[in-house]
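I opened the model to look up how its strands are arranged. My notes follow in the order in which I made them.

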Amino acid sequence: MTTAADKEDTREKAPADGIEKPTVVPSPKVEDSGKKDPEIVYVPVSGGAGAGGAVPAPESAPKSDPAGTTGGTSGTTGGQEEQSSSSKERSTQSGTTTGYLWSDGSVDADTNDYWDQSTVTVKSTKPLTSLKVVVRIIQTGGVSSTGAWSSLGDKVTVGQNAASGQVGHVITLKPAVTLDPGTYVLKVQYNHDQGNRDAARDLYSVTAVATDSDDEFREGRF
């Protein structure tokens, strides 16, 4: 005789949708290693991502490979040596082309619409036994020299070398004078027509001789 309770129990055991519930498998007993294993594990559905075995835990560090590690270290060292050698070569070439003389030309900013001064800055890393600076101010209208100034004082002579279309200034180190390594500033001054004068075509050149060294020549614009 089947009771109502038996019918209810039968309905609970039969799956309602025809899909079989996942099987619960107790985990195998493992000797105590200080960590507690989970009491149950769920077996993945056949054909799923985890089928065929458990997913391995990520490694905290790459496996040691003596041969590969040695090869990688050797390659890195070789690259560093090549880079170091290349840097030394570039430095040597740069030093050869730069020499001991450096120069720059600029026009001083002022509020005078009729007058300007152009500055030549010379730097030397060696003592100079000869120095000649030539400045050519191109005629742009009303240009006429009003003098020159130098941080070298009476160690130089100042002259003019006017030509058609330009006003020239020549500053020369006096004979038997040697300049210590350092920075020297030379300025030429001139009037011009009213307004902001364009100095883009003005030129300067620097010729120097250092102790026990070849001549150096620099030129540029303002």
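**Entry 1: a hairpin**

I began with strand 10 and strand 11, which form a hairpin with 4 residues between them. In the turn, Asp212 has a positive phi of about 55 degrees. Strands here are DSSP runs of E with at least two residues, numbered from the N terminus. Strand 10 covers residues 203-210, strand 11 covers residues 215-221, and 7 bridges join the two in antiparallel fashion. I looked up one bridge: Thr207 has Phe217 in strand 11 as its partner. Two strands count as paired if DSSP finds at least two bridges between them.

**Entry 2: what kind of model this is**

The model is predicted, so I noted its limits: local features need pLDDT of at least 70, side-chain atom pairs count only at pLDDT 80 or more, and totals for chains, interfaces and linings use all residues. Residues are numbered from 1 along each chain as its sequence is written, and side-chain values use heavy atoms, with hydrogens and water left out. The mean pLDDT (the predictor's confidence in each residue, from 0 to 100) is 72, and 56% of the residues reach 70 or more. Over residues 40-97 the pLDDT is below 50, and this stretch has 9 contacts in the model beyond near neighbours in sequence. A contact means heavy atoms within 4.5 Å.

**Entry 3: the sheet of 5 strands**

I then followed the hairpin into an open sheet of 5 strands, in the order 7-8-5-10-11, with antiparallel pairing. Which strands stand at its edges? They are strand 7 (156-160) and strand 11; each has a single partner strand, so one side of each has no neighbour in the sheet. Strand 7 pairs with strand 8 (residues 166-173) over 5 bridges, in the antiparallel sense. In that pair, Gly159 has Val170 as its bridge partner.

**Entry 4: the sheet of 4 strands**

Another open sheet has 4 strands in the order 3-4-9-6, again with antiparallel pairing. Its edges are strand 3 (101-107) and strand 6 (144-150). Strand 6 pairs with strand 9 (residues 182-191) over 6 bridges, and Ser145 stands opposite Tyr190 in strand 9.

**Entry 5: Glu216**

Is Glu216, in strand 11, buried or exposed? Glu216 is buried, because its relative accessible area is 15% (buried means under 20%, exposed over 50%, partly exposed in between, with a 1.4 Å probe and protein chains only). Leaving out residues up to four places away in sequence, Glu216 touches Gly99, Tyr100, Leu101, Val206, Thr207 and Ala208. Tyr100 is 116 residues from Glu216 in sequence, yet their C-alpha atoms are 7.8 Å apart.
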